[in-house]
Amino acid sequence: MRETVRKSVLAALEDLGDEWALGEVPAFEVEVPRSDAHGDMACNVAMQLARPLRQSPRKIAERITGLLGQSSDLYAAVEIAGPGFINFRFSSAFWYHSLGRILGEDPTFLRPQTGGGKRVQVEFVSANPTGPLHIGHGRGAALGLALSNLLEAAGYQVEREFYVNDAGRQVRLLGLSVFARYQELLGERVSMPEDGYHGEYVRDIAQRLLDEKGERYRGLESEECGQEVADWACGVMLDEIRMDLEAFGVRFDTWKSEKELYTNNAVQEALSNLRKSDRVYTHEAASWFRSSLFGDEKDRVVVKANGEFTYFASDIAYHKDKLDRGYDAIIDIWGADHHGYVPRVSAVLQAFGYDKSKFQVLLVQIVNLLRGGEPVKMSKRAGDFITLKEVVDEVGADTTKFIFLTRRSDSHLDFDIEVAREQSPENPVYYVQYAHARINSIFRQAPAKGFGKIEKASLRESNLTRLNEAEDIGMIRMLCRYPLVFEDAARTHEPHRITFYLQELASLFHTYYTKHRVLVEEDHELARARMALAWAVEVVLKDGLSILGVHAPEQM
RNA sequence: GCGCCCGUAGCUCAGUUGGAUAGAGCAGCUGCCUUCUAAGCAGCGGGUCGGGGGUUCGACUCCCUCCGGGCGUACCA
């Protein structure tokens, strides 16, 4: 739809090229106007040309439209409006042709291929394996999943990665906490670390430790077996995380271990590499990374005075490793509370000679968990919080994902469990799924109404010109907007645009459904044309939902 | 103090990389099921886009400033 108009305009500009002596064609936009009164597509090219040509936009627009009118049966009307917009209204023929393409066998019509096979890595969730996933991780997971699906559908080669922080202090603390609970189960003295993990799940892990390993650690000091218990507990926790994500419908291609970055000396090598180029230096017995050279506000410690690596040290190695793997772009999805981290990681890329534009961070804002309007108290310290699994068990994976994707990721989100679980109209996912189910219901009804079993592919041969009600054309027009929304969503990395579009599409279909009967028994030709239209709606709904990672049920 | 994000209808949020008359859902009110699923539809009301300046043909969008909310500012992870 956009390309059609763009081509028309460019052709006209070419015809006028000699007269206007334009070197470069200036950037111009072709958009779906806000108001229907302004046609199906609007173009601002005349306004963009006004300055270089030193002519009024309307005069320029007249010349362009003069050439468009005669050339094509694509448009029903091309008008000049406002300060110099050129408004295009498509012909019925164009709409029928487009509908045919949606029903056609080329899936890239709905999914403009902007990826060109480029390799993109999306890293998300990456929760510490020291406790269960909470609702905030769920939001990151939903976004990462949808974005990955979206980019993949747009022709990128996508790799989904979970970075496992299985090294360092937090995992050590988990081990000590589990060991303490284990001792408790054995009736021994308990030495729970001061800042250890106090959640109930730690007791569960300890019980499993006892079940699986028996009394093997009885009487030992934490120094003797802490590492072993920590590694084991970390593995258990990671399995649980993996299962919770699976239940949520999220799957990763790779799980990258932080610990490995140490055992294979990647951290050490990355730092000495940087030291050679003086990007790492020693100051007051600590080693510092010169991130201020690349836009960070100050340099950052990578090796503390006591010889320990900071968390940032492995992050340097990790991001270097990612880039060395040859991706064309890497996208990190982080909690918004880590936003201060962006400049220093960006500095890492630059220090290794990579273009910083290859790296993008999507920040996901906090989720406020409510129940019936009341905030749910969460204290991570006391280990008292609602897990993602509990939410998913209660409200369902589809609803949870859909709600997360009804907001842009960097806005705060109130998630009310009570509202979400009530399968009420307040719940937008059902609204969209219901439209899909209704269409399927029509096709189920068809045989009983004397249409026989409908082979959908045969609907491609139906007489689409019978779709001549205003609502028919409106419906097709909405469907044709999908590729534009898809393209914009992929370009901006904003899957929520798909979500909003699907709600609009569902709304238009519900209206259509109420007003016009599809299975018109006295006019099979019309009925088949409408079935073709309904099928197209189904196809688009299913396509959009699949990108969000949400099911499209055939019955509800 | 400095830095980043946010401020749009009573509530929750969209607003297409500067476009035309700022939208949707929910909540409120009024109607619609003998016909393909009422998890639906039709209609009504609701706004100094936080305030004030600036940039230009044009600003919710960009710049400055102030107010208000969140987060970050570790040799923590």
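**Exercise 1. Find which parts of RNA strand B dominate among its atoms within 4 Å of the protein: sugar and phosphate, or bases.**

Solution. In this predicted model, take the atoms of RNA strand B that lie within 4 Å of the protein. Sugar or phosphate accounts for 64% of them, and the rest belong to bases.

Next, look at the protein side. There are 66 residues around the strand, and Lys304, Arg407, Arg408, Tyr434 and Ser441 come nearest. Sorted by class, this surface holds 26 nonpolar, 20 polar and 20 charged residues.

**Exercise 2. Work out which element supplies the largest share of the surface near RNA strand B.**

Solution. Begin with the elements that each give at least two residues to this surface. Among them are helix H3 (45–53), strand S4 (85–90), helix H7 (169–185), helix H17 (428–445) and helix H19 (496–515). Strands S9 (286–289) and S15 (413–416) are also on that list.

Now pick out the largest share: H17 provides it, with nine residues.

**Exercise 3. Locate the atoms of RNA strand B that lie 3.3 Å from polar side-chain atoms of histidine 496 and threonine 514, then turn to histidine 516.**

Solution. Take the residues one at a time.

- Histidine 496: a polar atom of its side chain is 3.3 Å from a phosphate oxygen of RNA strand B.
- Threonine 514: a polar side-chain atom is again the partner, and it sits 3.3 Å from a sugar or linking oxygen of the strand.
- Histidine 516: here a backbone N or O atom lies 2.7 Å from a base nitrogen of RNA strand B.

**Exercise 4. Decide how H17 and H19 are oriented to each other, and list what joins them.**

Solution. First find the geometry: the two axes come within 9 Å and cross at roughly 45 degrees. That angle makes H17 oblique to H19. As for handedness, H17 passes H19 in a left-handed crossing.

Then gather the contact residues. H17 brings Pro428, Tyr431, Val432, Tyr434, Ala435, Arg438, Ile439 and Ile442, while H19 brings Leu502, Gln503, Ala506, Ser507, Phe509, His510 and Tyr513. By class, the residues of this contact are eleven nonpolar, three polar and one charged. You have already met Tyr434, one of the residues that come nearest to RNA strand B.

**Exercise 5. Describe how H8 and H9 pack, and say what kinds of residues meet there.**

Solution. Start from the angle: helix H8 (residues 200–213) and helix H9 (residues 222–248) pack at about 115 degrees, and their axes are 11 Å apart. The two are therefore roughly perpendicular to each other. H8 passes H9 in a right-handed crossing.

For the residues, Tyr201, Ile205, Arg208, Leu209, Glu212 and Lys213 of H8 meet Val229, Trp232, Ala233, Val236, Met237 and Glu240 of H9. Sorting the residues of this contact gives eight nonpolar, no polar and four charged.

**Exercise 6. Repeat the analysis for H5 and H18: what is their orientation?**

Solution. Helix H5 (residues 92–103) and helix H18 (residues 470–492) have axes that come within 10 Å and cross at roughly 55 degrees. They are therefore oblique to each other, and H5 passes H18 in a left-handed crossing.

The H5 side of the contact is Trp95, Tyr96, Ser98, Leu99 and Ile102; the H18 side is Ile473, Ile476, Arg477, Leu479 and Cys480. Their classes are eight nonpolar, one polar and one charged.

Methods
Residues are numbered from 1 along each chain as its sequence is written. Chains are lettered from A and ligands numbered from 1 in the order in which they are written. This is a predicted model: local features need pLDDT of at least 70, side-chain atom pairs count only at pLDDT 80 or more; totals for chains, interfaces and linings use all residues. Side-chain values use heavy atoms; hydrogens and water are left out. Axes are lines fitted to C-alpha atoms, for helices over the stretch in contact, and angles run from 0 to 180 degrees between N-to-C directions. Helices (H or I, at least four residues) and strands (E, at least two) are DSSP runs, numbered from the N terminus. Angles under 35 degrees count as roughly parallel, over 145 as roughly antiparallel, 65 to 115 as roughly perpendicular and the rest as oblique. A crossing is left-handed if the near helix is turned anticlockwise from the far one by less than a right angle, and right-handed if clockwise. Contact means heavy atoms within 4.5 Å. Ala, Val, Leu, Ile, Met, Phe, Trp, Tyr, Cys and Pro count as nonpolar, Asp, Glu, Lys and Arg as charged, and the others, Gly among them, as polar. A residue is near a molecule or strand if one of its heavy atoms lies within 4 Å of it. A polar contact is a pair of N or O atoms within 3.5 Å; within protein, one must be able to donate a hydrogen and the other to accept it, and residues adjacent in sequence count only if both atoms are side-chain atoms.
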